[in-house]
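Here are a few exercises on a ligand site and some aromatic pairs. Grab your viewer and try each task before you read its solution.

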Amino acid sequence: MKEYAIAVIPGDGIGNEVMPEGLRVLDAAADRLSAFRFRFESFPWGCDYYLRAGRMMPADGLKILAQFDAIYFGAVGWPSVPDPISLRGLRLEICQSFDQYANLRPSRLLPGVQSPLRGKTPAEIDFLVVRENTEGEYSGAGGRAHRGLPDEVATQTAIFSRRGVERVLRYAFDLARQRRRRLASVSKSNAQEFAFGLWDELTESVARDYPDVTIERVLVDAMAARMVLHPESLDVVVASNLHADILTDLGAAICGSLGVAPSANLNPQQAYPSMFEPVHGSAPDIYGKGIANPIGMILSGAMMLDFLGEKEAAARIEAAVRTVTASGLLTRDLGGTATTRQVGEAVAHALLGSTC
Ligand code: GGG
């Protein structure tokens, strides 16, 4: 039987509460299908680790992770550690070092969940954002001079390479081909003409290789409005690291909550393991109450199975989630009263009871 070695990093805050539910559902999927099994190994890396060891993960952390088939990640960030240290030292270190250049972030309204957009149904909110995930505004290039003095200056340089932009565009075009063949490429080339001029030019040139995909170029501000006003007009959306990060919080919000949004940080060539995590962060405000929504974590597990080639298991997890939300069992962020654990157990139960 095929065994997948999965590195588990719950991370900080509610990452530790939603992770057990994600693992519960993955185990249920393996039990239900009896075609594969998991070997999970958990790593206690994150802000507590930083406070003890002075780094977010050990010096050989990447070497350890490289031996796994995939990484299942919770959330990172805690008030006791400056955000740039926690984000760069763990999540970005993994995404950039493992060249996970395509970050897939679906926005899909679940049955039984009320969108804040009046009258919208699941059929009308179903799009996929592809986030460039290794460069752009997150390159980490810049600095501060004359710190604390009246003449202090700060620079933060966004770096867009032809190779980096072209490969994520191609990945998005390929995904559009598997969906409704519509791609919106987001930029801000009216104000940032160098970086997004390159982005737009490459969009046009790559589009010539995909004549069957309908392409449009959309400014990021217009895309924000469009997600609210006409989400049904969107299929695949490709955007830079920062633009897509912001747009996908909006995408999650129109689906009812940040808690339901999954994501996949992919190295499509599989030279390194890919990483699967909910879009949400560590949520210190609700940590410890047992009320965090585990659906983003659970659906990230489905994306992991899909990428590993276990398509049926992935589809069954998604169906089980839909069964549970349609039944009205919802956590507080979605207007319900269910706990993290009750939702995780209900999804596992629905999965185990599903027919072949
Ligand atoms: N599970 C996602 C997570 O923990 N994100 C933390 C965060 O602050 N991310 C910011 C970013 O990726 O831009």
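**Exercise 1.** Find out which domains give at least three residues each to the shell around the ligand in this predicted model.

*Solution.* Start with the domain bounds: domain 1 covers 1-101 + 261-356, and domain 2 covers 126-254. Each of these two supplies at least three residues to the shell. Next, go down to secondary structure: β3 (70-75), α4 (83-97) and β12 (274-278) are the elements that give two or more residues to the shell. Finally, sort by class: you get six nonpolar, three polar and four charged residues.

**Exercise 2.** List the closest residues around the ligand, then work out which polar contacts its nitrogen atoms make with Glu277, Pro278 and His280.

*Solution.* Step one is the shell itself: 13 residues surround the ligand, and the closest are Val76, Tyr138, Glu277, Pro278 and His280. Step two is the polar contacts, for which the N or O atoms have to be within 3.5 Å. Glu277 uses its side chain, with an N or O atom 2.9 Å from a ligand nitrogen. Pro278 puts a polar backbone atom 2.7 Å from a nitrogen of the ligand. For His280 a polar backbone atom is again involved, at 2.9 Å from a ligand nitrogen. Step three is cover: on its own the ligand has 360 Å² of accessible area, and the protein covers 83% of that.

**Exercise 3.** Classify the ring pair of Tyr4 and Phe38 as stacked, tilted or edge-to-face, and place both residues in the fold.

*Solution.* Altogether there are 13 aromatic pairs. For this one, the ring centres are 6.3 Å apart and the planes sit at 45°, so the pair is tilted. Now the location: Tyr4 belongs to strand β1 (residues 2-11) and Phe38 to strand β2 (residues 36-42), so the pair ties together parts 34 residues apart in sequence. Both Tyr4 and Phe38 are buried. They also belong to a cluster, in which ring pairs link Tyr4, Phe36, Phe38 and Phe40.

**Exercise 4.** Do the same for Trp78 and Tyr287, then decide whether Trp78 and Tyr287 are buried, partly exposed or exposed.

*Solution.* The geometry comes out as 5.6 Å centre to centre with 85° between the planes, an edge-to-face pair. Trp78 sits in the loop between β3 and α4, while Tyr287 is in the loop between β12 and α9 (295-308), 209 residues apart. For the accessibility step, buried means under 20% and exposed means over 50%. Trp78 has 25% relative accessibility, so Trp78 is partly exposed. Tyr287 has 39%, so Tyr287 is partly exposed too.

Note on methods:
Residues are numbered from 1 along each chain as its sequence is written. This is a predicted model: local features need pLDDT of at least 70, side-chain atom pairs count only at pLDDT 80 or more; totals for chains, interfaces and linings use all residues. Side-chain values use heavy atoms; hydrogens and water are left out. A residue is near a molecule or strand if one of its heavy atoms lies within 4 Å of it. A polar contact is a pair of N or O atoms within 3.5 Å; within protein, one must be able to donate a hydrogen and the other to accept it, and residues adjacent in sequence count only if both atoms are side-chain atoms. Accessible areas come from the Shrake-Rupley method with a 1.4 Å probe; for residues, only the protein chains shown count as cover. Helices (H or I, at least four residues) and strands (E, at least two) are DSSP runs, numbered from the N terminus. Ala, Val, Leu, Ile, Met, Phe, Trp, Tyr, Cys and Pro count as nonpolar, Asp, Glu, Lys and Arg as charged, and the others, Gly among them, as polar. Domain bounds come from an automatic or database domain assignment. Rings of Phe, Tyr and Trp (its six-membered ring) pair if their centres lie within 6.5 Å; planes under 30 degrees apart count as stacked, over 60 as edge-to-face and the rest as tilted. Buried means under 20% relative accessible area, exposed over 50%, partly exposed in between (1.4 Å probe, protein chains only).
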